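Reader: I've got this one open in my viewer and want to know how the labels on it are earned. Mind if I quiz you?

Author: Go ahead, fire away.

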Amino acid sequence: SIVYLNGEFLRLADAKVSVLDRGFVFGDGIYEVVPVYKGVPFRMHQHIARLQRSLQSVRIHLEYTEAQWQALVEGVLARVDDSASNLMVYLQVTRGVAKRDHAFPAAVEPTVFCMASPFARPGKAQREEGLAAISVPDTRWLLCHIKSISLLGNVLAKQAAVDAGVDEVLQFREGYLTEGSSCNIWVVKNGVLMAPEANHLILEGIRYRFLAELARNAGIPFEARPVSAEEVNDADELMLTSATKEVLPIVRYNGNPVGTGKPGPVYALLRASYDRVIE
Ligand code: PDD
């Protein structure tokens with residue numbers, strides 16, 4: 001497959017980055033994951049806006065306009081062999097290549113990388129039977145609103161789920177829900193949809209706004225507010241959202257059934273609305 005690296009379209013095997021790249025040495029960079037349905041990137045404008053915010057937050061100066069990002073992504077999509085399948089676009093910018101020193105290098109060109117991979121939407125089993133999750137302490141840093149490639153905390157959290165034989169973790173900081181390892185978490189109680197506010201403790205997913213919009217259109221009340229561990233234990237429904245998981249129900253939590261132990265009615269409504277928009 002063909003990828004974009006620093007102004008060139010190359011075969012994946014020919015795309016090479018120096019071992020002194022600060023992404024490799026420090027995890028000094030940011031990224032985006034954009035789902036592409038039937039050849040059309042979903043909510044591209046919002047992904048690019050978040051990418052620009054991430055760059056600004058970590059003070060990587062890159063003069064790419066939205067139109068340039070769009071052209072770059074379209075360039076990669078135009079070179080995909082299997083354009084019939086749904087795709088996932090991965091975009092990454094690192095501070096660039098420089099002698100190892102924690103401080104920003106004086107003159108450095110950011111490394112810009114983009115690839116598209118086939119992406120299988122969540123299957124019937126996950127959608128209809130749901131997922132299992134456990135709770136873990138959120139051990140990450142305090143700038144989780146930045147879509148940083150420094151993902152060790154997220155990687156360790158996800159592996160805790162794998163080691164426990166479940167699909168996902170719910171992370172908690174000082175007794176309050178933050179998010180999953182690479183997804184946002186939603187809680188339903190008495191017909192009200194809740195999620196932690198989008199502050200520095202979580203990544204505001206592009207699907208965070210999308211799901212809140214779908215809820216509003218479906219007449220489901222939505223509250224963005226702190227959600228305690230007790231409220232999660234007591235939830236009628238739990239679900240998660242991300243670019244690759246879309247929206248999925250969590251039906252087992254810390255070994256217990258969530259609500260009835262089956263995907264609930266709020267999930268069913270949101271799932272159906274979600275599908276109507278993208279199909
Ligand atoms: N992850 N929270 C975290 C920590 C994430 O990494 C992600 C996305 C989300 C959901 O954001 P969105 O709806 O924009 O996908 C929330 C991507 C998919 C990843 O790292 O692969």
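Reader: Among contacts in the chain between residues at least 6 apart in sequence, what share joins residues at least 24 apart?

Author: Keep in mind that this is a predicted model. The share is 70%. A pair counts as a contact when the C-beta atoms lie within 7 Å.

Reader: What makes the chain agree with a compact globule?

Author: The rule puts a compact globule of 279 residues near 19 Å in radius of gyration, and the chain has 19 Å, so the two agree. Along the principal axes, the C-alpha trace spans about 55 × 40 × 30 Å.

Reader: How many of the residues count as buried?

Author: 38% of the 279. To get that label, a residue needs 20 or more other C-beta atoms within 10 Å of its own.

Reader: How do you know which residues of domain 1 and domain 2 are in contact?

Author: Same 7 Å cut-off on C-beta atoms. By that test, 20 residues of domain 1 are in contact with 10 residues of domain 2. On the domain 1 side, β3 gives the largest share, eight residues. By class, that side has nine nonpolar, eight polar and three charged residues.

Reader: And what makes a residue part of the shell around the ligand?

Author: Its C-beta atom has to lie within 6 Å of the ligand. 14 residues surround the ligand, with Ser-182, Leu-203, Gly-205, Arg-207 and Ala-243 the closest. The elements giving two or more residues to this shell are α6 and β13. Five of the shell residues are nonpolar, seven polar and two charged.

Conventions
Residues are numbered from 1 along each chain as its sequence is written. This is a predicted model: local features need pLDDT of at least 70, side-chain atom pairs count only at pLDDT 80 or more; totals for chains, interfaces and linings use all residues. Two residues are in contact if their C-beta atoms, placed from the backbone, lie within 7 Å. Helices (H or I, at least four residues) and strands (E, at least two) are DSSP runs, numbered from the N terminus. Ala, Val, Leu, Ile, Met, Phe, Trp, Tyr, Cys and Pro count as nonpolar, Asp, Glu, Lys and Arg as charged, and the others, Gly among them, as polar. The radius of gyration is taken over C-alpha atoms; the globule rule is 2.2 Å times the number of residues to the power 0.38. A residue is buried if 20 or more other C-beta atoms lie within 10 Å of its own, exposed if 12 or fewer, and partly exposed in between; C-beta atoms are placed from the backbone.
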